[in-house]
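Subject: Structure for your review

Dear colleague,

Please find below the sequence and structure that I am handing over to you. I would be grateful if you could read the notes beneath with the structure open beside them.

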Amino acid sequence: MNDILDLHTHTAASGHAYNSLYEMIQAASDKNLVLYGCSDHGPKMPGGPHPFHFINFRVIPDQVYGVKVLMGAELNILDVSGKVDLEESTLKLLDYSIASLHTPCFRPGTPDENTQAYLNVMKNPYVQIIGHPDDKRYPIHYPELVKGAKKYKKLLEVNSSSLHPRSVRCAGAREAYVQMLKLCMEEEVPVILGSDAHISSDVGNHSRALELMEEINFPEELVVNTSLEKLLSFIPALERVL
């Protein structure tokens with residue numbers, strides 16, 4: 001598979017990652033990625049950046065080290081209503097947003113409650129990607145998740161980091177993704193691979209996700225990582241750097 005992009009990455013600004021923005025882009029260049037996306041955690045994550053971190057992205061060049069650059073955020077879903085931890089005035093300034101459930105910011109609920117949180121955040125026009133919907137601590141109804149992604153035209157992430165044996169989400173991630181991906185095939189819902197890199201050596205590392213998808217014969221045409229044109233239909237801001 002021609003995997004040319006990574007939009008789920010974290011710099012030292014996230015508080016628990018270990019490289020600068022330019023070091024992460026250099027890693028993307030070294031791995032011949034066409035597009036790099038920075039998605040530092042929203043401010044409600046302990047140690048995360050102040051909202052001011054997200055309002056000055058215009059100073060960052062559209063291309064660095066020969067790599068196209070998008071600047072976004074991994075938002076924290078805060079409640080069942082789908083509230084996130086950046087205001088609309090700031091979200092408008094981002095190229096894209098990933099919305100995720102994290103235990104410091106959202107207490108796990110029932111499958112109905114967790115699913116509703118995802119479905120409600122999908123209604124947010126500034127959210128394009130649902131991050132790591134694989135966490136056993138947040139049981140959800142996958143048929144509803146996939147149908148919601150189709151209805152609201154959102155990308156569901158296959159998070160390679162979740163499949164790492166030392167990941168806190170590893171316990172049920174594989175089974176969750178098998179179920180989700182089979183439903184995505186049935187409903188023809190595209191997905192995006194994300195490294196969730198917190199260190200430069202992991203940028204573009206989708207190996208575990210790719211291995212799983214090959215096992216279940218997931219069709220390449222439903223993976224947006226293979227084409228900027230595919231991604232553009234979900235992230236209009238991409239047009240700026242093309």
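The notes that follow go from the whole chain to two helix pairs and then to three individual residues.

Please bear in mind throughout that this is a predicted model.

The chain as a whole

The chain contains seven helices and eight strands. Its radius of gyration is 16 Å, close to the 18 Å that the globule rule gives for 242 residues, so the chain is as compact as a globular protein of that length. The C-alpha trace spans about 40 × 35 × 35 Å along its principal axes. Of the 242 residues in the chain, 57% are buried. Contacts across the sequence were examined as well: among those between residues at least 6 apart, 77% join residues at least 24 apart.

Helix H4 and its two partners

Two packed helices are described by the angle between their axes and the distance between the axes. Helix H4 covers residues 142-152 and helix H5 covers residues 170-187; their axes come within 9 Å and cross at roughly 45°. Angles under 35 degrees count as roughly parallel and those from 65 to 115 as roughly perpendicular, and the crossing of roughly 45° therefore makes H4 oblique to H5. The crossing of H4 past H5 is right-handed. On the H4 side, the contact is made by Tyr142, Pro143, Leu145, Val146, Lys147 and Lys150, while H5 contributes Ala176, Gln179, Met180, Leu183, Cys184 and Glu187. Sorted by class, the residues of this contact between H4 and H5 are eight nonpolar, one polar and three charged.

The second partner of H4 is helix H3, residues 111-122; the axes of H3 and H4 come within 10 Å and cross at roughly 5°. An angle of that value makes H3 roughly parallel to H4. The residues in contact are Thr115, Tyr118, Leu119 and Met122 of H3, together with Glu144, Leu145, Gly148, Ala149 and Tyr152 of H4. This contact of H3 with H4 has six nonpolar, two polar and one charged residues. Leu145 of H4 takes part in the contact with H5 and also in the contact with H3.

Ala176 in H5

Ala176 lies in helix H5 and is one of the residues through which H5 meets H4. Its relative accessibility is 7%, so Ala176 counts as buried. Leaving aside neighbours within four places in sequence, Ala176 is in contact with Asp134 and Tyr142. Tyr142 is 34 residues away from Ala176 along the chain, yet their C-alpha atoms are separated by 8.3 Å.

Two loop residues with positive phi

Glu188 is not a glycine, although it has a positive phi of about 55°. Glu188 is placed in the loop between H5 and strand E8, residues 191-194. With a relative accessible area of 61%, Glu188 is exposed.

Asp196 likewise has a positive phi, near 55°, in a residue other than glycine. The loop that holds Asp196 runs between E8 and helix H6, residues 207-215. Is Asp196 buried or exposed? Its relative accessible area is 7%, and Asp196 is therefore buried. The two residues thus stand on opposite sides of the classification, with Glu188 exposed and Asp196 buried.

With kind regards

Notes: Residues numbered from 1 in each chain as written. Predicted model: local features only at pLDDT ≥ 70, side-chain atom pairs only at ≥ 80, totals over all residues. Heavy atoms only, no water. Axes fitted to C-alpha atoms, helices over the stretch in contact; angles between N-to-C directions. Helix = DSSP H or I, 4+ residues; strand = E, 2+ residues; numbered from the N terminus. Parallel < 35°, antiparallel > 145°, perpendicular 65-115°, else oblique. Left-handed = near helix turned anticlockwise from the far one by under 90°. Contact = heavy atoms within 4.5 Å. Nonpolar A, V, L, I, M, F, W, Y, C, P; charged D, E, K, R; others polar. Rg over C-alpha atoms; globule rule 2.2 N^0.38 Å. Buried < 20%, exposed > 50% of the residue type's maximum accessible area, 1.4 Å probe, protein only.
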